[in-house]
Amino acid sequence: MRSTELTEQIQGSLKEVVAYADELRDLDQALGDGDLGITITLGAGAVIEALAEIPQDASPSEIARACAKAFANANPSTMAALVAGGLLAGSKVWKDVEDVDIRAAARFVRAAGENIAQRGKTQIGDKTIVDAIMPAADALDAGDDGTSGLDAAISAAEKAVIDTRSLRSRRGRAAWLQERSIGLQDPGATAMLRFLESWRTASVRTKS
Ligand SMILES: [Mg+2]
């Protein structure tokens, strides 16, 4: 996937993902402060607008950088800052990438997840977005180009999301709930799953 297709693919995915804003708001209301819906809506809108202005000859790395900047500036939440930092870390591993294949996608997702884990002082099992990102990166890395790698990443993220229900939140405002967080699904991990599903929906649409 080269720059023009990548730009369209990101815009298409973000148009899809806003349909999940209410679900993410509700999950975040149960566990946090309920701002995740608005974070996703404002962030997606800002990225779509920023990409509409991006030069034709922008590289994948520059496109990812523009996404990070727009997402960070769209609203001041911790989640927006963490995701933007993750996108920026991803943009750095794409420095020499011109054509984004599944291996490059895996490297991006892994770098983003590692950055979020580091900045959020979070590890797998803390019931955060990292729980869904890292298995998705592994699945992309093991997958074939085309849709099967993405399908595997979605399955891995879906399993991770279901697994968060039985975990206790150990990071962010959700950690205040202590054992009352057990039984509730993590909104951040769910956001990652919904983003991957939106990426698939958008890519099916582009190809048909
Ligand atoms: Mg929140």
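Is Lys127 buried or exposed in this predicted model? At 2% relative accessibility, Lys127 is buried (buried is under 20% relative accessible area, exposed over 50%, partly exposed in between, with a 1.4 Å probe and protein chains only). Some housekeeping before the views: residues are numbered from 1 along each chain as its sequence is written, and side-chain values use heavy atoms, leaving out hydrogens and water. As this is a predicted model, local features need pLDDT of at least 70 and side-chain atom pairs count only at pLDDT 80 or more, while totals for chains, interfaces and linings use all residues.

**View 1. Two positive phi angles in loops, at Lys127 and Gln178.** Most residues other than glycine have a negative phi. Lys127, not a glycine, has a positive phi of about 70° and sits in the loop between H6 and helix H7 (130-142). (Helices here are DSSP runs of H or I with at least four residues, strands are runs of E with at least two, and both are numbered from the N terminus.) Gln178, also not a glycine, has a positive phi of about 50°. Its loop runs between helix H8 (147-164) and H9, and Gln178 is partly exposed at 41%.

**View 2. The magnesium ion and its aspartates.** Asp28, Asp33 and Asp35 each give an OD donor, lying 2.1 to 2.5 Å from the ion. Donors are N, O and S atoms within 2.8 Å of the metal (3.2 Å for Na, K and Ca), and because water is not among the atoms, sites may look incomplete. In sequence the donor residues follow the spacing D-x4-D-x1-D. Asp33 is partly exposed, with a relative accessible area of 41%, and Asp35 is partly exposed too, at 27%.

**View 3. Helix H3 against helix H4.** The axes of H3 (residues 36-52) and H4 (residues 60-74) come within 8 Å and cross at roughly 140°. These axes are lines fitted to C-alpha atoms, for helices over the stretch in contact, with angles from 0 to 180 degrees between N-to-C directions. H3 and H4 are therefore oblique to each other (under 35 degrees is roughly parallel, over 145 roughly antiparallel, 65 to 115 roughly perpendicular and the rest oblique). Residues of H3 including Leu42, Ala46 and Val47 meet residues of H4, among them Ile63, Cys67 and Phe71; contact means heavy atoms within 4.5 Å.

**View 4. Helix H1 alongside helix H4.** Here the axes come within 9 Å and cross at roughly 25°, so H1 and H4 are roughly parallel. Ser3, Leu6, Thr7 and Ile10 in H1 meet Pro60, Ile63 and Cys67 in H4. Ser3 belongs to H1 (residues 3-17) and is buried at 13%. Leaving aside neighbours within four places in sequence, the contacts of Ser3 are Ala58, Ser59, Pro60, Ile63 and Glu98.

**View 5. The tilted ring pair Trp94 and Phe108.** The count comes to two aromatic pairs, where rings of Phe, Tyr and Trp (its six-membered ring) pair if their centres lie within 6.5 Å, and planes under 30 degrees apart are stacked, over 60 edge-to-face and the rest tilted. Trp94 and Phe108 have ring centres 4.4 Å apart and planes at 45°, so the pair is tilted. The pair links distant parts of the chain, 14 residues apart, with Trp94 in the loop between helix H5 (78-93) and helix H6 (102-119) and Phe108 in H6. Trp94 is buried at 7%, and Phe108 is buried at 11%.
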